[in-house]
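Hi,

Here is the structure I promised to pass on to you. Have a look at it first, and then read my notes below.

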Amino acid sequence: MQIKIIKPDPAQEIPTQERCHILEVWNSPDDPSASIARARVKPGVTTRLHALDQVEERYVILSGAGCVEIGDAPPADVGIGDIVVIPANTPQRITNTRDTDLVFYAICTPRFTPECYRDLEG
């Protein structure tokens with residue numbers, strides 16, 4: 001058995017059109033079952049309303065606080081340690097409600113690919 005230890009490089013974080021910064025922590029065609037990205041949303045910013053086709057997503061809040069909007073559910077406040085489960089094909093966005101960065105892992109199953117992203121504001 002070969003053990004993999006991935007050491008993400010924070011310098012590889014990129015700004016996105018979704019109005020957040022993304023660091024791909026794990027996203028490999030060799031592991032199509034899941035991907036992990038670290039998302040960072042600046043204070044006062046709301047990400048674009050979007051859905052992931054055929055991909056379920058989970059947010060694990062690492063720092064900061066925000067308000068998530070998922071489908072028809074009422075907006076919900078989230079903070080450190082919370083896990084947000086977003087069903088596939090469901091409209092979603094998150095707002096950073098604090099004066100520090102909101103940081104969370106986005107875990108997708110199956111793995112995220114650009115083709116699954118559907119912008120609902122465009």
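What percentage of the 122 residues in the chain do buried residues make up? The answer is 36%. Keep in mind that this is a predicted model.

Let's start with the overall fold. The chain has 11 strands and 0 helices, so its radius of gyration is worth a look next: at 14 Å, it is close to the 14 Å that the globule rule gives for 122 residues, so the chain is as compact as a globular protein of that length. The C-alpha trace spans about 45 × 30 × 25 Å along its principal axes. If you take the contacts between residues at least 6 apart in sequence, 69% of them join residues at least 24 apart.

On the outside, the accessible surface comes to about 7100 Å², and carbon and sulfur atoms account for 55% of that. The chain carries 12 positive and 18 negative charges, and the mean positions of the two sets are 4 Å apart.

Now for the inside. The largest nonpolar core has 16 residues, and the ones touching the most other members are Tyr59, Val68, Val84, Ile94 and Phe104. Strands E3 (35-41), E5 (56-63), E6 (65-70), E8 (83-86) and E10 (102-109) each give two or more residues to this core. Try clicking on Tyr59: leaving out residues up to four places away in sequence, its contacts include His50, Val68, Ile83, Gln92 and Phe104.

Glu13 is a nice one to check too. It sits in the segment before strand E1 (14-15). Is Glu13 buried or exposed? Its relative accessibility is 19%, so it counts as buried. Beyond residues up to four places away in sequence, Glu13 touches His21, Ile22, Leu23, Arg38 and Arg40. Arg38 is 25 residues from Glu13 along the chain, yet their C-alpha atoms are separated by 8.5 Å.

Finally, some backbone oddities. Most residues other than glycine have a negative phi, and most peptide bonds are trans. Against that background, look at these three spots:

- Gln54, in the loop between strand E4 (50-52) and E5, has a positive phi near 65°. This residue is exposed, with a relative accessible area of 60%.
- Asn89, in the loop between E8 and strand E9 (92-96), has a positive phi near 70°. At 34% relative accessibility, Asn89 counts as partly exposed.
- Thr109 and Pro110 are joined by a cis peptide bond, with omega about -10°. Pro110 lies in the loop between E10 and strand E11 (117-119).

Cheers

Technical notes:
Residues numbered from 1 in each chain as written. Predicted model: local features only at pLDDT ≥ 70, side-chain atom pairs only at ≥ 80, totals over all residues. Heavy atoms only, no water. Helix = DSSP H or I, 4+ residues; strand = E, 2+ residues; numbered from the N terminus. Rg over C-alpha atoms; globule rule 2.2 N^0.38 Å. Buried < 20%, exposed > 50% of the residue type's maximum accessible area, 1.4 Å probe, protein only. Contact = heavy atoms within 4.5 Å. Areas by Shrake-Rupley, 256 points an atom, 1.4 Å probe, with all protein chains shown as cover. Lys, Arg positive; Asp, Glu negative; His and termini not counted. Charge placed at Lys NZ, Arg CZ, Asp CG, Glu CD. Core = buried A, V, L, I, M, F, W, Y, C linked by side-chain atoms within 4.5 Å.
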